[in-house]
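Trainee: Please pick one part of this model and take me through it closely. Then carry on to whatever else deserves a look.

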Amino acid sequence: MAKRRRLAAGVASAAILAAIISPASAQMTDDAFYDEFAFNNSLFVVYHEIGHLLIGELGLPVLGREEDAADSLAALLLLLEETDEADQALIDAADGWYLSDAYAAEESPEYDLDSFYGEHSLDLQRSFAAVCMMVGANMEVFTEVATEFGMDENRQSSCAFTFQQAASSWFTLLEPHMSDTGPSVQITVGYHPSENFSEIAAMLEEGELLEYAATQALMGFELPRDVVIIATECGVANAFYDPEDGSVVFCYELAQYFRDLIVWASEEQ
Ligand SMILES: [Zn+2]
């Protein structure tokens, strides 16, 4: 029973880790690279919560696990933007889940039962599912990433179906709620001041994390009521959609976790 987890993940991990900690641009300083990684992972999380919000506010049916559905919608919305920024955010999110698994494995080398009872798929599965959406959407752009992650050619090819199915399923559900003119309700974003996370909070606010997510991911839909998206210190590294009031909360602690994660991975090598 010993070390099953590392045997599963460890085969390709040195090569994958090396790819993850190489900034896309050689000119980038370490701090800029760490900040961008934290920003992009935070952006994916906000999109994921917007996924929950669209499901909740629009009353969409969910077949299977809602957490997987929210990941799928977040990945799809980013991929449909077809910009370098959105592509990089999704790559960083896949890297983030991969590192999160590797980091947890340092603490406890085996999965415990709680991992399987959880609402979310395992971090490694979330990572590979995002990679599959990427390479399924655009083989030309993402095959290098998928190959770095150790995904073989057959699986890369079959991901095209996974992506197409996700895209057409979401389109069927969302199409009746799409709006060319944007929602007629109010979408408000805000950043609460935080003494403990002032630097990461300033980085997210200056990069307009919430404005970007609200504009790109929400503006195409008509919504039944006003929506508020807030970044704040919560006491926990997490993010939430509250179906009671239709709000999304993103916790600074989670952005800090992602930044610590990439610093850890960089120092590990
Ligand atoms: Zn979720």
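Mentor: Glu 67 is buried, at a relative accessible area of 12%. Buried means under 20%, exposed over 50%, partly exposed in between (1.4 Å probe, protein chains only). This is a predicted model: local features need pLDDT of at least 70, side-chain atom pairs count only at pLDDT 80 or more, and totals for chains, interfaces and linings use all residues. Numbering starts from 1 along each chain as its sequence is written, and side-chain values use heavy atoms, without hydrogens or water.

Glu 67 (OE) is a donor of the zinc ion, along with His 48 (NE2) and His 52 (NE2), at 2.0 to 2.1 Å. Donors are N, O and S atoms within 2.8 Å of the metal (3.2 Å for Na, K and Ca); water is not among the atoms, so sites may look incomplete. The spacing along the chain is H-x3-H-x14-E. His 48 sits in helix H3 (residues 30-58) and Glu 67 in helix H4 (residues 66-81), so this pair links distant parts of the chain, 19 residues apart. Helices are DSSP runs (H or I, at least four residues; strands are E, at least two), numbered from the N terminus. His 48 is buried too, at 4%.

Now a second site. Gln 156 lies in helix H9 (residues 153-174). Gln 156 is buried, with a relative accessible area of 3%. Beyond its neighbours within four places in sequence, Gln 156 is in contact with Val 135, Met 139, Thr 143, Ala 146, Thr 147 and Met 151. Contact means heavy atoms within 4.5 Å.
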